[in-house]
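Me: I have a structure open and would like to go through it slowly. Could you help me find my way around?
Reply: Gladly; put it up here and ask whatever comes to mind.

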Amino acid sequence: MSRTFLGMPARALERGFPSNAAIAVGDSQLRFNLRKATRTIRGKRAAVVSELPDWEGLRQAGKAIKDHTLRNLDRYLEQLEAAVTAAGGHVHWAADADEANRIVAVLVRATGETEVVKVKSMATQEIGLNEALAAEGVTAYETDLAELIVQLGDDWPSHILVPAIHRNRAEIREIFQERMGEWGRPAPEDLTDDPRALAEAARLHLRERFLSTKVAISGANFMIAETGTLVVLESEGNGRMCLTLPRTLISVVGIEKILPTWRDLEVFLQLLPRSSTGERMNPYTSTWTGATEGQEFHLVLLDNGRTDVLADEVGRQALRCIRCSACLNVCPVYERAGGHAYGSVYPGPIGAILTPQLRGMGSELDRSLPYASSLCGACYEVCPVAIDIPQVLVDLRAKARHPRAERLGMAAAGWIFNRPERLARAQRAGGRLRRFVPKRLPGPMSAWTDTRDIPDIPRESFRDWWDRTDGGGR
Amino acid sequence: MNSRDLILARVRRAVAGAPDAEVPRAYRGATGAVAGSTVPGNAGAESAVAGGVATGDGGRAAGERLIDLLAERLRDYRAIVHVVAEAEAASVVEEALARRKAARLVVPDGLPPSWLHPRKAGVPYETVGDDPELSPADLDRVDGVITGCAVAIAETGTIVLDAGPGQGRRALTLLPDYHLCVVSADRIVAGVPDAVARLSPERPLTWISGPSATSDIELDRVEGVHGPRTLEVVIAT
């Protein structure tokens, strides 16, 4: 595979972010859904974060633990591998999405099963595992409520934590009624759009599947190098079902998810739930070490472009990300454009810096992502591991290939600003020709004036005025 | 070159010459915090009880504060909570089961018998053991499960099970729709760092904060999805 695959349809990649966003902001239902959801979660997060007097201390500890881990990632990966193996687990290494998918497919086939249940996982979405398994004749059933909504609706995720954030209760009811029957137990005839009733329908739809499926696939929020322990945070109990009941468990985890020691959890189990769902603690957290309670356990360690990000001095801080999605919920751009405009399973501010780094800036879309921000800095403020997203955005903007007209314009401006006398001459010429400057520039330069007014050019420059009046004295 | 060596080589090339980071631990309850490091907030009050409920007069007051906080935080996440004297636990358990109309209850090995069946005969309930192991379908059919816990965290309203005595394997508290947990006061700690320090990574852990819930529909919290839809906690002091 020539470029890192990030689990999104090709059509979203053909357009730049501005075109995708323009389509999204025209959808008033989407804007209403997003505004309602992001406001709710912003308020909850702010309340539980302000409860902790030592939040900034936890944040700085979280940042430093991740930085230290990334600096010594080779050592911690080897330590993790040894610990998982010693605890009866099997460790596999995948350089890219294709290899990870192949490894999982072979492991599933070895069990003789053709159905697997899945815990919500960004890593498996990133590599497009469900589609790869389908090509091998294996059906993957998503069990997280939001992922179920996305899967049944033949849709794409638009948020890291709540992939179906773009859907409201009425739309979800419709999807359940129309599609549940094709995947298993149908929705009740009299299903209402009360969230309680919708959750109950999901419970009934998945119950039998949980009790009978023999293979589960998960990601992980954290892996402890010292002990080989994996950690999954969740809310619904679908995670516990998948991690506990099946005979075989396969976890696909990005290599940056490591924490050095067990004790480091004391920091991250405070940072993540409060940043993510705005709860003091999420309803369920499971930890396990190697083969547990008679299960067979496989860990697939995934690179898929992460080591490229790690090599970038400014951009590598994006690997500190613990996928809480707090930056999405505060972002004024995300709130209006929604997740699909970013053309990646990683939307929002973190996606705008992670996607172009993982995938490279070869497409129109990926070059435009670093501009999908007003640089207001709210994302940095709420980030529990203090990723300076605006700094990385600016750095990526400098690295992206710019359009020819912009490059020529900037080169010309550079030439003029380089010498005071050139600037003075240019200003005088501008003053004399000011009547002829159009309100909108022609040709490729219109991209600039489409969204900006050309400022009025003064008759006389400040320097000339100063010389003529001797600083206003004459 | 296999993928393992390839990835490790890429990592080494990527971080060569990069600076390492010192980890500042300026937060409450940090274990082994560097002497002289500043810990913000109400360090005095919290650290007095950091290792669990202390004894002595000051410790007793602090212990009661922790119990109150745990009860408040559990209720916040829609758990049903009772705070009772240890000797009352069995009666409160029985009343809870009667209210719930739970006739068959899974009881894991090692659960203190004093929490079950009070001497004065009330509404009878049947207990089921897990040896030999109950099948998922069996577990799906019982009315509830009763357990103790390894640790309870006051600040977050969390109970932690570690598959130890009186807790059983993980599926026991997952499939029944009703989970009744008895928390001995000596299991209560103040915050997350105290809990992590007490727990062993070698055991499979389940941290539980309220009944199963979801925020996936318009980011509104709804209790009750796949895990037990009712969590009832008896804090025995």
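**A sheet in chain B, and where the chains meet**

Reply: A good place to begin in this predicted model is the pair β7(B) and β12(B), which run parallel to each other and are joined by seven bridges.

Me: ok, and which residue of β12(B) is the bridge partner of B:Cys181?
Reply: The partner of B:Cys181 in that strand is B:Val233.

Me: what else does β12(B) pair with, β1(B) maybe, and over how many bridges?
Reply: Five bridges join β1(B) to β12(B), again in the parallel sense, and within that pairing B:His82 has B:Val234 as its bridge partner.

Me: so what's the strand order in the whole sheet?
Reply: The sheet is an open one of six strands with parallel pairing, and its order in chain B is β1-β12-β7-β4-β2-β3. The edges are formed by β1 (80-84) and β3 (126-128) of chain B, each of which pairs on one side only. If direction is ignored, neighbouring strands of this sheet are turned by 25° against each other on average.

Me: how many bridges hold β2 to β3(B) at that end?
Reply: Strand β2 of chain B, residues 104-106, is joined to β3(B) by three bridges, and the two strands run parallel; there, B:Leu105 has B:Thr127 as its bridge partner.

Me: back to β12(B), are its residues buried or exposed?
Reply: Seven of its seven residues are buried, so β12(B) is largely enclosed by the rest of the structure. B:Thr230, B:Glu232, B:Val234 and B:Ala236 point one way from the strand, while B:Leu231, B:Val233 and B:Ile235 point the other way, and all of these are buried.

Me: which helix lies across those strands?
Reply: Helix α4 of chain B, residues 89-100, lies across β1, β2, β4 (144-147), β7 (178-184) and β12 (230-236) of chain B, and the helix runs at about 165° to β12(B).

Me: switching topic, how many residues of chain A are in contact with chain B?
Reply: On the chain A side there are 73 residues, in contact with 62 residues of chain B. The largest share of the chain A side, 10 residues, comes from α4(A). By class, the chain A side divides into 37 nonpolar, 20 polar and 16 charged residues.

Me: and which strands pair between the two chains?
Reply: Strand β9 of chain A (residues 284-289) and strand β9 of chain B (residues 205-208) are joined by four bridges and run antiparallel, with B:Trp207 as the bridge partner of A:Thr285.

Me: you mentioned α4(A), so at what angle does it pack with α13?
Reply: In chain A, helix α4 (residues 55-71) and helix α13 (residues 265-276) pack at an angle of about 115°, with their axes 9 Å apart, and the crossing is left-handed. On the α4(A) side the residues that meet the other helix are A:Leu58, A:Arg59, A:Ala61, A:Gly62 and A:Ile65, and on the α13(A) side they are A:Val267, A:Phe268, A:Gln270 and A:Leu271. This contact has six nonpolar, two polar and one charged residues.

Me: last one, what domains does chain A have?
Reply: The domain assignment gives domain 1 (57-306) and domain 2 (408-469) for chain A, and the centres of these two domains, taken over C-alpha atoms, are separated by 56 Å.

How values were computed. Residues numbered from 1 in each chain as written. Chains lettered and ligands numbered in written order. Predicted model: local features only at pLDDT ≥ 70, side-chain atom pairs only at ≥ 80, totals over all residues. Axes fitted to C-alpha atoms, helices over the stretch in contact; angles between N-to-C directions. Left-handed = near helix turned anticlockwise from the far one by under 90°. Contact = placed C-beta atoms within 7 Å. Nonpolar A, V, L, I, M, F, W, Y, C, P; charged D, E, K, R; others polar. Pairing = 2+ DSSP bridges. Domains from an automatic or database assignment. Buried ≥ 20, exposed ≤ 12 C-beta atoms within 10 Å, placed from the backbone.
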